[in-house]
Protein chains: 4
Amino acid sequence: MKNTFGTSVSITLFGESHGPEIGAVIDGLAPGLPVDEAFIAGQLTLRRPAGRIATARQEADAFRIVSGVFEGRTTGSALTILIPNTDTRSGDYQRGPARPGHADYAAFAKYHGFEDYRGGGHFSGRITAALVAAAAVVIPALQAKGILIGTHVARCAGIDDIPFSSDLAADITRLNALPFAVLDSERGQQMREAIESAAAQGDSVGGILETAVLGLPAGVGEPWFDTVESVLSHALFSVPAVKGVEFGDGFALADMTGSQANDPFRMQGGNPYTTTNHNGGVNGGITNGMPLRFRCAVKPTPSIALEQKTINPLTGEETTLAVKGRHDPAIVHRARIVVDSVTALALCDLLALRFGTDWLVLPDA
Amino acid sequence: MKNTFGTSVSITLFGESHGPEIGAVIDGLAPGLPVDEAFIAGQLTLRRPAGRIATARQEADAFRIVSGVFEGRTTGSALTILIPNTDTRSGDYQRGPARPGHADYAAFAKYHGFEDYRGGGHFSGRITAALVAAAAVVIPALQAKGILIGTHVARCAGIDDIPFSSDLAADITRLNALPFAVLDSERGQQMREAIESAAAQGDSVGGILETAVLGLPAGVGEPWFDTVESVLSHALFSVPAVKGVEFGDGFALADMTGSQANDPFRMQGGNPYTTTNHNGGVNGGITNGMPLRFRCAVKPTPSIALEQKTINPLTGEETTLAVKGRHDPAIVHRARIVVDSVTALALCDLLALRFGTDWLVLPDA
Amino acid sequence: MKNTFGTSVSITLFGESHGPEIGAVIDGLAPGLPVDEAFIAGQLTLRRPAGRIATARQEADAFRIVSGVFEGRTTGSALTILIPNTDTRSGDYQRGPARPGHADYAAFAKYHGFEDYRGGGHFSGRITAALVAAAAVVIPALQAKGILIGTHVARCAGIDDIPFSSDLAADITRLNALPFAVLDSERGQQMREAIESAAAQGDSVGGILETAVLGLPAGVGEPWFDTVESVLSHALFSVPAVKGVEFGDGFALADMTGSQANDPFRMQGGNPYTTTNHNGGVNGGITNGMPLRFRCAVKPTPSIALEQKTINPLTGEETTLAVKGRHDPAIVHRARIVVDSVTALALCDLLALRFGTDWLVLPDA
Amino acid sequence: MKNTFGTSVSITLFGESHGPEIGAVIDGLAPGLPVDEAFIAGQLTLRRPAGRIATARQEADAFRIVSGVFEGRTTGSALTILIPNTDTRSGDYQRGPARPGHADYAAFAKYHGFEDYRGGGHFSGRITAALVAAAAVVIPALQAKGILIGTHVARCAGIDDIPFSSDLAADITRLNALPFAVLDSERGQQMREAIESAAAQGDSVGGILETAVLGLPAGVGEPWFDTVESVLSHALFSVPAVKGVEFGDGFALADMTGSQANDPFRMQGGNPYTTTNHNGGVNGGITNGMPLRFRCAVKPTPSIALEQKTINPLTGEETTLAVKGRHDPAIVHRARIVVDSVTALALCDLLALRFGTDWLVLPDA
């Protein structure tokens with residue numbers, strides 16, 4: 001389905017970096033969800049580049065909702081959010097050599113040269129603004145149901161953040177207000193310095209995002225093929241620069257024994273829980289009621305000022321390129337809110353499939 | 001879509017570990033593909049448990065194709081493969097305590113106790129036999145188009161295999177004939193000994209699978225949401241015990257700089273290629289014509305003989321459990337062919353979407 | 001999705017007229033639905049040819065359920081029903097001239113001659129047995145929720161049955177037990193005589209099926225594209241020989257004025273109802289709580305003994321053909337249960353999308 | 001999928017009658033299709049109400065394309081068309097009694113009163129403007145491939161147009177330029193007078209649309225469930241006011257014998273054709289290379305000035321209603337271009353599924 005994700009609740013994404021507008025359509029939402037435009041704006045601010053560690057491109061992100069909302073609440077029909085592109089300087093991005101690490105050449109091969117190449121076109125991280133805006137419609141509704149999503153920069157430029165504490169709810173609440181989401185502000189400061197240092201060298205750095213989701217009921221996920229891990233990874237690998245996804249202890253599980261990796265069950269207040277959570281809240285592709293935990297590897301921004309060898313896809317000539325224009329020396333901290341957003345959308349889809357389209361508001365509405 | 005994966009080419013999977021038959025329906029296949037039953041049987045043999053490092057359960061895997069094939073070739077209609085379950089000893093698997101690390105409790109929560117709990121029911125690795133058989137219909141057709149898929153046990157019980165060589169085609173051909181797929185047979189022997197050692201202690205081990213795909217054209221993948229990474233990871237996370245998926249250098253990319261991670265383009269014989277392949281053949285979610293490379297983390301088999309703490313989901317009582325019955329001290333080597341299989345199916349879907357349902361045979365048929 | 005229909009509740013259909021087995025997979029069913037094998041057998045009997053007005057082909061229809069049922073109830077996983085083809089006389093159906101009115105030539109063009117042409121192969125009405133068996137799993141569950149589906153032969157060979165009475169529930173109950181479903185048995189007898197008369201002349205006849213569905217709540221249907229009429233017609237036009245579908249007064253509405261066609265609303269016992277039902281229980285693609293009413297045109301059986309002009313698709317030669325083998329002089333009365341079946345499946349899908357996968361059993365389970 | 005139709009080529013529709021903008025996203029288009037904005041404007045003009053026989057609401061339909069087009073051609077990414085609602089007089093459409101024949105009450109039941117009720121909201125025929133604009137992107141591309149779609153008002157207010165002539169291509173070309181599409185202009189004049197007469201009485205009339213499609217190759221359609229009839233009817237029943245769809249002779253086939261209804265095959269210039277076309281170009285759900293023919297019943301406009309009995313869904317009170325505001329005394333002639341549009345989109349989807357996403361432009365591009 002290409003630019004559409006989800007079946008019960010779906011999102012369709014459109015737009016190009018230097019086109020007139022980008023946007024998203026969310027369909028399958030329960031009617032009656034309050035739509036909080038200030039919250040949407042706040043989420044967009046968290047995604048927006050800011051400060052010395054980000055691209056100088058400044059977008060007002062003045063979104064507008066043109067369908068699916070009436071008198072401040074969702075109608076249950078397709079909801080469309082549009083965001084104009086105001087600060088496009090296409091002169092920076094003429095068709096030229098393929099930027100290494102970017103989709104330029106792959107898109108050229110796929111679209112026979114008809115793609116809008118300006119600023120990465122449809123494959124620009126710019127498009128995530130529409131994703132974030134759309135997800136901002138459902139995140140408060142999930143919160144009202146007790147489902148909290150939070151992500152921190154667990155590692156950046158080789159520097160580790162501290163792990164989530166035992167009070168996940170507090171951690172998540174705190175992270176969701178931070179522009180640079182780390183649990184330890186000092187380490188965050190070191191990361192930012194490392195990013196600035198890379199920028200000063202015309203280079204860029206990557207990192208790892210770690211996400212926790214609280215409040216998911218046990219029993220969510222549709223094996224074989226729509227396991228909660230399958231559906232989430234499908235969404236997460238759509239986020240630009242994500243090159244790895246692991247649930248629970250992920251790749252570290254490969255070196256454990258079964259007796260280490262299995263999470264023993266106990267009872268507490270009449271409910272089962274596990275005393276460890278190496279499996280990240282998922283057994284056999286279905287949630288087990290424990291916090292969902294996963295990590296995404298985010299590669300360093302491919303746009304760098306250093307000279308690189310490359311080709312011109314139109315002419316087939318070898319050349320060199322030093323990417324000009326505005327770009328981020330790191331995107332891991334900005335990708336954080338995108339990860340939260342696709343997580344929210346993917347979970348809404350699985351939950352609506354299971355509990356019906358009205359689930360998100362009823363019976364508590 | 002739960003038990004169906006794919007849109008242009010789709011697979012629907014059904015069956016339970018101790019039910020009468022398991023099976024798969026593949027739809028959307030090109031008409032005229034030769035169906036090689038000996039190859040299917042061979043692929044099933046590679047999946048089947050064998051020797052001391054595997055469960056004692058022996059399945060003849062006497063599959064039969066009941067639709068979609070006529071005079072030895074696909075008809076273009078839905079193709080159904082059935083595999084009877086012959087060696088089911090249900091007495092081993094009464095409803096009892098939830099096995100830690102398995103789907104037992106999560107499935108109980110989801111299906112309200114109506115699930116077939118015997119031997120893991122629908123969530124048993126047994127079901128992968130149908131997946132493997134179904135994929136064995138398309139793998140030779142992909143090979144005839146020059147698309148080769150191969151996977152090795154890159155790591156098991158803490159022991160590393162050697163990396164793929166520069167002659168990927170030869171590596172893949174050799175791996176595809178091996179029951180325990182490693183590039184270095186001595187290290188493979190060490191892995192097997194480590195597996196036996198874990199088994200002797202009533203425990204189990206995990207590992208990492210590394211896959212290479214040769215011959216994919218540039219331009220495959222449908223961003224935003226059906227990137228080649230999204231679609232493959234969706235399929236891969238459906239494979240039981242897979243807890244992590246990374247493309248190219250994956251999580252290691254998080255510690256690189258952009259100048260290290262970007263793969264420079266050059267020309268060779270009129271075609272672009274990259275001099276490194278840190279991105280695993282994928283840029284922006286679209287193939288770039290280089291070999292596709294990814295790795296899957298496979299957790300240790302959850303069924304272990306050691307005593308574990310758990311609960312009975314029916315009664316809510318805490319108890320202990322030492323899993324009896326037949327089980328594998330490792331599944332990473334058996335999961336290899338399952339990974340190849342879902343990879344083949346996922347790629348067929350993306351290729352058919354792009355080139356039409358007849359692509360796999362025409363115009364070369 | 002070709003051989004799969006539905007998203008929340010889906011059915012996948014496979015098999016060929018003269019292959020070893022036909023079958024269906026239903027996915028997305030609520031766990032815990034009682035599965036009544038005697039009811040399934042009864043539904044298959046209603047579909048099966050019988051007596052002088054039907055083909056002499058006799059199928060025992062000895063179905064077996066190989067997945068998705070445990071201890072007599074659905075598990076919530078994919079449910080598979082298989083029906084062996086026992087009475088196949090392929091000698092009757094060598095590749096030969098294209099039978100006019102059948103899929104022979106169209107399938108040849110589509111599948112490049114690789115299709116299983118024997119007895120119509122995958123396009124044979126035989127495959128509807130699997131559809132009927134699969135739907136027989138959900139029809140009792142719908143009934144338990146108060147949703148009743150009934151169809152009568154409203155017209156056959158130019159002879160009209162009487163209309164539904166005001167006691168629709170009684171009509172439906174009576175129809176569901178009849179092998180030749182008419183509301184007036186005398187007119188039914190006339191129809192059967194007309195069918196026999198056509199058969200005696202080597203010819204065949206068609207008819208119209210009229211369906212009523214009681215007990216659907218208001219608010220079902222997902223405009224724009226998944227209106228209740230869209231989804232039902234999609235399913236109904238998959239039934240072989242159906243060439244027209246109309247809802248409510250259908251084509252007769254084209255000649256009415258708005259003041260005649262609109263159904264005025266009134267209140268009864270606190271609930272809205274309409275005093276007429278020209279719109280067949282659907283307004284704007286959404287159910288309004290009134291009985292759903294629709295009609296299907298069923299063309300005369302294309303297999304006739306009379307000589308017809310045709311071609312051989314392989315050679316391109318013009319030739320004549322008098323269809324030998326066993327065939328029905330009418331299928332409208334047999335198509336009745338197929339129409340009921342696809343109606344049940346389509347409604348389950350829309351209802352599960354709206355109310356969640358557990359809806360069919362909960363909260364009443 | 002609710003507001004999305006199609007898999008290989010899909011359309012997502014959004015907006016409300018009195019919201020700020022309506023629009024559509026088409027995805028899966030081949031890259032490189034020329035986009036002719038004048039043609040799009042022309043198609044919108046054919047849909048727009050005009051003259052005494054239409055609503056006085058005047059929309060400039062000043063569409064704009066905000067994504068998926070670059071330098072006048074499709075990019076292959078999601079294409080979005082937006083149309084602002086400029087002439088909304090919401091004062092005409094306060095929440096009030098449910099208009100009989102409209103979705104008002106059904107939508108109230110479905111959306112719990114959160115729907116945008118103004119002017120029918122999301123269920124207004126107004127939304128078809130976006131459908132028509134979107135389809136106008138692909139109709140010229142289909143024409144360039146030799147696929148011509150044309151529809152005439154075959155009947156209106158009890159008055160018949162003449163049938164299609166033997167020169168279908170000429171008929172279609174002529175119809176596509178007419179605002180009131182009839183083959184016989186005198187009968188068209190009579191129809192218009194009958195519409196005006198109904199309007200004068202505060203009433204409305206319905207009619208029948210007949211469509212022909214030339215140039216479809218044999219072999220299109222994906223039985224069982226995605227037959228060309230299933231997919232088209234799915235799309236057609238999404239068009240407001242369509243209450244019946246029949247292919248070929250449709251309901252008249254019910255009264256024929258097999259020897260009358262079967263279309264004999266002959267050869268002409270090396271290609272098979274049928275000497276009659278009672279089956280409308282479809283056998284067994286697959287095109288046979290003959291012109292595709294189908295008819296849609298369009299009910300009379302439900303909005304009438306005459307007083308009708310109804311209820312207020314909010315209060316449950318019985319009341320009467322004479323619909324004020326601007327409305328059409330007939331919509332059959334305006335629905336014509338909508339039928340053409342959904343036909344084009346549905347056929348694109350089936351053709352792309354079969355021939356790949358690039359089919360529409362390659363190899364002729």
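C:T75 touches B:E16, B:Y111, B:F114, B:E115, B:D116, C:P31, C:G68, C:V69 and C:F70, leaving aside residues up to four places away in sequence; a contact here means heavy atoms within 4.5 Å. This is a predicted model, where local features need pLDDT of at least 70, side-chain atom pairs count only at pLDDT 80 or more, and totals for chains, interfaces and linings use all residues. Residues are numbered from 1 along each chain as its sequence is written, chains are lettered from A and ligands numbered from 1 in the order in which they are written, and side-chain values use heavy atoms, with hydrogens and water left out.

**Around C:T75**

- Where does C:T75 sit in chain C? C:T75 lies in the loop between strand 6 (73–74) and strand 7 (79–84).
- With a relative accessible area of 1%, C:T75 is buried (under 20%; exposed is over 50% and partly exposed in between, using a 1.4 Å probe and protein chains only).

**How the chains are related**

- As a reminder, two copies of a chain are related by a rotation about an axis and a shift along it.
- A turn of 180° and a shift of 0.0 Å along the axis lay chain C on chain B with an RMSD of 0.0 Å; the superposition is by least squares on the C-alpha atoms of residues with pLDDT of at least 70 in both.
- That is the relation of a two-fold axis.
- In chain C, the C-alpha nearest this axis belongs to C:T12, at 4.0 Å from it.
- The copies meet through the same surface, because 100% of the interface residues of chain C are also interface residues in chain B.
- Chain A can likewise be laid on chain B by a turn of 180° and a shift of 0.0 Å along the axis, with an RMSD of 0.0 Å.
- Here too the same surface serves both copies, as 100% of the contact residues of chain A recur in chain B.

**Chain A as a whole**

- Chain A has eight helices and 18 strands, which are DSSP runs numbered from the N terminus (helices: H or I, at least four residues; strands: E, at least two).
- The C-alpha trace of chain A spans about 65 × 50 × 40 Å along its principal axes.
- Of its 365 residues, 68% count as buried.
- Among contacts in chain A between residues at least 6 apart in sequence, 71% join residues at least 24 apart.
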